[in-house]
Each structure stands twice: as C-alpha cells, then as structure tokens.
Amino acid sequence: MATIQTNQPIAAGADSLKETNYGALGTLVTVFFFWGFIAAGNSVFIPFCKHYFSLDQFQSQLIDFAFYTAYYVGALVLFAYGAFGGKDLVGKWGYKRSIIYGLLFSALGAAAMIIAVNANTFAGMLAGLFIVALGFSLQQTAAQPFAITLGDPKTGTTRVNLGGGVNSFGTTIGPIVVAFALFGTTAAITDEKIAGLSLSKVITLYTCVGALFIGAAALFFFSKKVPSGILEEKTEKAGKALYTLLIMTGLLVMMFVPVFSSYKTDLTNATDAEKHAMEAYRMKWLLGALAVVVVGLLVANLSAKKKADGWGAMQYPQLVLGMLGIFFYVGVEVTIGSNLGELLRHKDFGGFQASEATKYIAMYWGSLMIGRWAGAVGAFNLSKKTKDILLFVVPLVAFAIIIIVNTIAGYDMQPLFYYVACVAVQIVAAYLTKNKPAKTLLYFSLLGVIAMVIGTLTTGTLAIYAFLSGGLFCSIMWPCIFSLSIAGLGKYTTQGSAFLIMMILGGGIIPPIQGKVADYLQANSTHDGFGIHNSYWIAVLCFAYLAFFAFITKGILKRQGIDYDATTEQPAEELI
C-alpha cells in the first residue's frame with residue numbers, strides 16, 4: 001500500500017523521451033494486482049473468521065494487525081540493513097530479483113496459511129497472513145521505483161498510475177472472489193451457516209493464491225525483457241532514527257502482549273462489571289500503543305531540532321508529521337472497510353448477513369478505484385479542456401464498472417444506485433482542488449470528517465452511504481501526504497520515503513483499536529449495534545489529523561521557501 005514520489009529531475013534540453021519498456025512494464029503490473037486483491041479481500045475474510053472462530057470485534061481485526069504490521073517490520077528490516085551495512089539491500093539484489101524473492105516469500109505465507117487451516121488454528125492463519133504481507137513489503141519496495149526506471153522520468157507517473165489502475169481493479173474484485181471462494185455462492189447465506197462452513201474453502205483459496213505467486217515469480221524469472229535493476233547506492237546515516245524505531249517497536253510489543261494475554265482469562269462466568277473492567281484494561285494498553293507511535297515520533301523530531309546529526313530525514317518536521325499522516329491515513333482507510341461487515345450486520349444498518357455485506361464492501365474498495373482513476377487524469381499530457389471532461393466522465397465510468405461487475409456476480413446493486421450522489425461530491429471536490437497536494441488533502445480530509453460525522457449520527461442508507469464515501473475521500477490522499485512529506489528533503493528523500501512506508505503500520509493498529517472501542521462501548525449498552533456504530537468516531541479523529549497535517553505542513557514548507565501547491569509537478573498515485 002505504498003507509492004513513491006515520481007518527480008524526477010529532467011535534464012535541460014532533453015527533448016526526446018526514453019522509450020518505455022512495455023514488455024517489462026506489462027510483467028511488473030501483475031504484482032500490483034495481488035496487493036489490492038489480497039488487502040481488499042481481507043474485509044470479507046474478517047467477518048468469515050469472526051463467525052467461524054467465535055471472535056469478538058477486536059480479535060477479528062487482528063487479521064489487519066498481522067497483515068499491515070508486516071509492512072512495518074519488513075520496511076524496518078530493510079532500513080536496518082542499510083543503516084548497518086551502508087548499502088540498500090533492494091538495490092544490491094536488483095529490482096527484478098527483489099520482486100521474485102518477495103513473491104516466493106508470499107508463496108511461503110500461503111503455504112503457512114494452508115498448514116494453519118489444517119490445524120484449525122486462528123493464530124497460525126494470522127502468522128500465514130503476516131508472511132504473505134512481508135513478501136508484499138519487499139515487492140512494493142522494489143516494484144514502484146522499478147516502474148519509474150522502465151521509461152523516461154517525464155512519464156514515470158503514468159507508469160505508476162497504470163499499476164495503480166490494475167491495483168484498484170484488484171481491490172474491486174477481491175471481495176467478490178474471496179466471498180465466492182469462502183461461501184461457495186454469491187447468494188446470501190446466514191451467519192450460522194458461515195460458522196458451519198468447512199475450512200477447506202480457505203485451503204482452496206490459498207492454494208490458488210500460492211500458485212499465482214509462484215507463477216508470477218516464474219514469469220519475472222524467465223522474462224528476458226525485465227532488466228535486473230541493480231543499483232549500488234550508499235544510504236544516508238541515521239543511527240539515532242534507527243534506534244528510536246527499534247525502541248518504539250519494543251514498546252509496541254510490550255503494549256500488545258498484555259492485551260493478547262488477557263484473552264487467556266476465562267470470562268464465561270464473569271459478571272458484567274468484571275467483563276467491563278477487562279475491556280477497559282485492554283483499551284488502556286491499546287491506546288498506549290497509539291501513544292508510543294505518536295509521542296515517539298514527535299519526541300524524535302524535537303530531539304532532531306536540537307541536534308540534527310544522526311537523525312537523517314527525521315530532522316524535517318514535514319517528514320515526521322507526514323509519517324503520522326500516513327499512519328492515520330492507512331489506518332482510517334483500512335478500519336472503515338474492515339469494520340463495515342460488522343456494522344451492516346445490525347438492524348439499524350440493514351441487518352445484512354456477512355455474505356450479503358459483500359456488495360457494500362466491494363463498493364467501498366471500489367470507491368477508492370473511482371477516486372484514483374479520477375486522480376490519474378492529471379498525470380497525462382492532455383489539454384485543460386480534455387482533463388476537465390475526463391474528471392467528470394472517468395469517475396462515473398468507474399462507478400458503472402463497479403455496478404456492472406457486482407451485478408454479473410449476482411448481487412442486487414439497486415440499493416447502491418443513488419450512491420452516485422456521493423461520487424458527484426468527489427467530482428466537485430476534484431475540480432475545486434485542481435491536483436494541488438495541500439489543498440486536495442485539506443478538502444478531502446474535511447469531507448472525510450463530515451462523512452464520518454454524518455455516518456455516526458444517523459442510521460440506515462444515509463449512514464451507509466456516508467461510511468462508503470470514506471473510500472472516495474481516502475482515494476487520493478497517499479500521493480498528497482507523500483509529496484508534502486518529502487518536499488525539501490534533498491539527499492534524505494530516499495530515506496524519508498522508507499520511513500513513510502513503515503507507517504503503513506497504521507493499518508495494523510487503528511483497526512484493532514476501533515474493534516476494541518466497539519467491544520468496550522457495546523459492553524455498556526443494551527442497544528444492538530451501539531458499540532460498532534459509535535466506534536467510527538475513531539475514523540473522524542483520523543480524518544481530523546489529516547486536515548491538520550494539510551493545513552500546518554503548507555506553512556512549514558513555505559517557511560523553508562517551498563510553495564508546493566504552486567508547482568506543476570504531479571504526485572504519484574497511491575497503490576494498495
């Protein structure tokens with residue numbers, strides 16, 4: 001779920017474009033599909049595991065915890081290798097071999113999933129997902145800069161956006177395919193039937209996924225058109241930053257251990273007061289984990305201001321605030337979708353069974369595709385009039401594709417026809433912001449706040465549409481946050497990019513926190529669905545920080561002599 005800045009310096013007088021290696025590019029974009037397919041499919045896998053293993057909402061969100069924490073661990077290991085060894089491991093292996101290794105590692109994760117399923121252990125399945133995502137971390141670190149090198153730097157953004165389009169298609173069909181693989185039908189089935197399903201469905205799913213990983217690795221290995229992409233480059237020293245991240249990692253482990261250990265306590269015969277006390281205990285530790293990230297990064301930046309030596313990119317406030325921005329952005333994007341299935345299960349939101357909720361989950365992830373396809377318009381060398389037309393047409397076409405794909409899959413999409421009104425809001429916002437990073441991020445963050453507030457204060461179709469629209473407003477945030485965060489970093493740009501990718505960790509921490517908030521609130525209420533509904537205030541707070549980041553960072557950059565909204569360069573589109 002990451003991207004890189006593609007604003008490459010162009011040599012003066014360079015009139016002719018370097019020819020794009022389309023053969024290699026066609027091979028490369030296959031891995032972009034996997035990232036979106038598996039990540040979005042988790043939104044269906046979560047309610048399946050919840051009912052099958054009789055989990056609470058927090059435990060069900062451990063799927064996201066395992067998946068997105070792996071991105072952080074993988075990026076941290078690569079950074080540590082560079083810090084101690086002085087060389088970039090991905091550059092040393094080359095982009096081609098790094099992607100092959102990443103795919104094979106993900107295949108090992110699929111095998112681990114199959115073993116865990118045979119053992120009927122949820123913890124083992126989490127370990128398998130963790131290994132799959134570790135492979136993704138290596139793939140993403142290599143694939144995105146690789147796309148830039150496969151042609152002229154001037155057109156680098158279009159190649160990344162091509163991968164983004166394929167990636168978004170994966171996020172759109174992922175929930176549908178995973179739902180069909182797990183439930184064996186696109187027709188609705190009851191939660192009781194889900195609980196009684198055989199885990200052989202998961203074995204079949206991950207056998208196919210593992211085979212696809214191996215097939216893609218073979219495709220890269222035997223392709224003569226894909227260059228090695230070896231790049232020997234020294235890494236900038238940042239020992240203090242590394243030690244800070246390692247300490248933060250240790251503290252995060254310390255915060256989560258008591259939460260996991262508490263589930264060994266049998267509360268079957270506990271009183272309501274005892275259950276409430278346990279939920280409060282778990283909540284404190286989870287909020288402590290959040291504090292470790294926020295406070296740790298802010299303290300690091302304050303220390304770097306006093307003495308920059310050894311801190312590397314962390315000496316720049318825009319980078320540190322941007323790390324938190326990525327953390328909360330990925331967190332809110334994932335948590336909205338991952339908790340959606342549980343929300344829709346309650347009568348105030350339709351009382352849908354887990355299989356019935358698939359079309360809404362597909363629309364949420366499809367909303368990300370709608371926004372990204374619209375955001376990609378600015379990456380091409382088109383006239384202003386053509387761009388204005390496409391900004392209107394492309395989102396509507398993407399919306400129609402989502403409706404058609406889900407209809408073919410057998411879902412009744414009529415309840416979602418009027419969602420086009422939310423798409424219209426996104427179109428208007430795109431016209432108003434004109435692809436300016438700070439302005440775009442501010443507007444879309446505020447729209448996200450408004451949408452989440454509406455969702456938490458209402459019920460029924462209005463609330464559902466509001467929560468789904470979170471996907472529209474999240475869709476173009478990554479490139480804005482990324483561009484603003486690394487502006488002005490100079491020689492620390494590559495290192496800053498690595499730090500930002502680590503903060504995909506937000507997808508592993510925010511969803512479990514929302515899940516526990518839901519459990520905690522529900523324990524104090526007799527109203528069905530009160531907990532999960534009001535847990536979406538977490539999403540409100542995440543969007544609020546992103547609006548704050550957009551507002552304050554523009555001022556920080558101006559004080560450094562950078563007016564980023566005045567530039568004509570286009571940021572890369574986000575990839576999930």
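In this predicted model, S54 is placed in the loop between α1 and α2 (57–60). The backbone there is a good place to begin, because most residues other than glycine have a negative phi. S54, in contrast, has a phi near 55°, a positive value in a residue other than glycine. The residue comes just after α1, and with a relative accessible area of 64% S54 is exposed. A second loop offers a related case: N120, which is not a glycine either, has a positive phi of about 55°. N120 belongs to the loop between α5 (95–118) and α6 (122–149). Its relative accessible area of 44% lies between the 20% and 50% cut-offs, so N120 counts as partly exposed.

These loops sit within a helical fold. The protein chain has 23 helices and zero strands. Of its 576 residues, 60% are buried. Contacts reach far along the sequence: among those between residues at least 6 apart, 83% join residues at least 24 apart. The accessible surface of the protein chain comes to about 21,800 Å², and carbon and sulfur atoms account for 66% of that area.

Helix α1 deserves a closer look. This helix covers residues 22–53, 32 residues in total, and spans 46 Å from its first C-alpha to its last, close to the 46 Å expected at 1.5 Å a residue. Along the way there is a kink of about 35° at S43, shortly before the proline P47. Most of α1 is covered, with 26 of its 32 residues buried.

Aromatic side chains are the next topic, and a search of the whole structure finds 32 aromatic pairs. One of them joins F45 and F48 in a stacked arrangement, with 6.2 Å from centre to centre and 20° between the planes. Why do residues three places apart point the same way in an α-helix? The reason is that an α-helix has 3.6 residues a turn. F45 and F48 fit this spacing, as both lie in helix α1, three residues apart, about one turn of the helix. F45 has a relative accessibility of 3%, under the 20% limit, and therefore counts as buried. F48 is buried as well, its relative accessible area being 0%.

Another pair, Y281 and W285, has ring centres 6.4 Å apart and planes at 75°, so this pair is edge-to-face. Both residues lie in helix α11 (residues 272–306), four residues apart, about one turn of the helix. Y281 is partly exposed at a relative accessible area of 37%, and W285 is likewise partly exposed, at 29% relative accessibility. Ring pairs also build up a cluster that links F45, F48, Y52, F53, F122 and Y206. A ring and a charge meet at Y263, where the charged end of R282 sits over the ring, 3.8 Å from its centre.

Finally, P512 gives an example of residues brought together from distant parts of the sequence. P512 lies in helix α21 (residues 506–523). Which residues does P512 touch, not counting residues up to four places away in sequence? The partners are F58, Q61, F65 and L286. The C-alpha atoms of P512 and S60 are separated by 8.1 Å, although the two residues are 452 residues apart along the chain. P512 has a relative accessible area of 0% and is therefore buried.

Note on methods:
Residues numbered from 1 in each chain as written. Predicted model: local features only at pLDDT ≥ 70, side-chain atom pairs only at ≥ 80, totals over all residues. Heavy atoms only, no water. Helix = DSSP H or I, 4+ residues; strand = E, 2+ residues; numbered from the N terminus. Buried < 20%, exposed > 50% of the residue type's maximum accessible area, 1.4 Å probe, protein only. Contact = heavy atoms within 4.5 Å. Areas by Shrake-Rupley, 256 points an atom, 1.4 Å probe, with all protein chains shown as cover. Expected span 1.5 Å × (residues − 1). Bend = angle between axes of the 7 residues up to and from the residue. Phe/Tyr/Trp six-rings, centres within 6.5 Å; stacked < 30°, edge-to-face > 60°. Lys NZ or Arg CZ within 6 Å of the ring centre and 35° of its normal.
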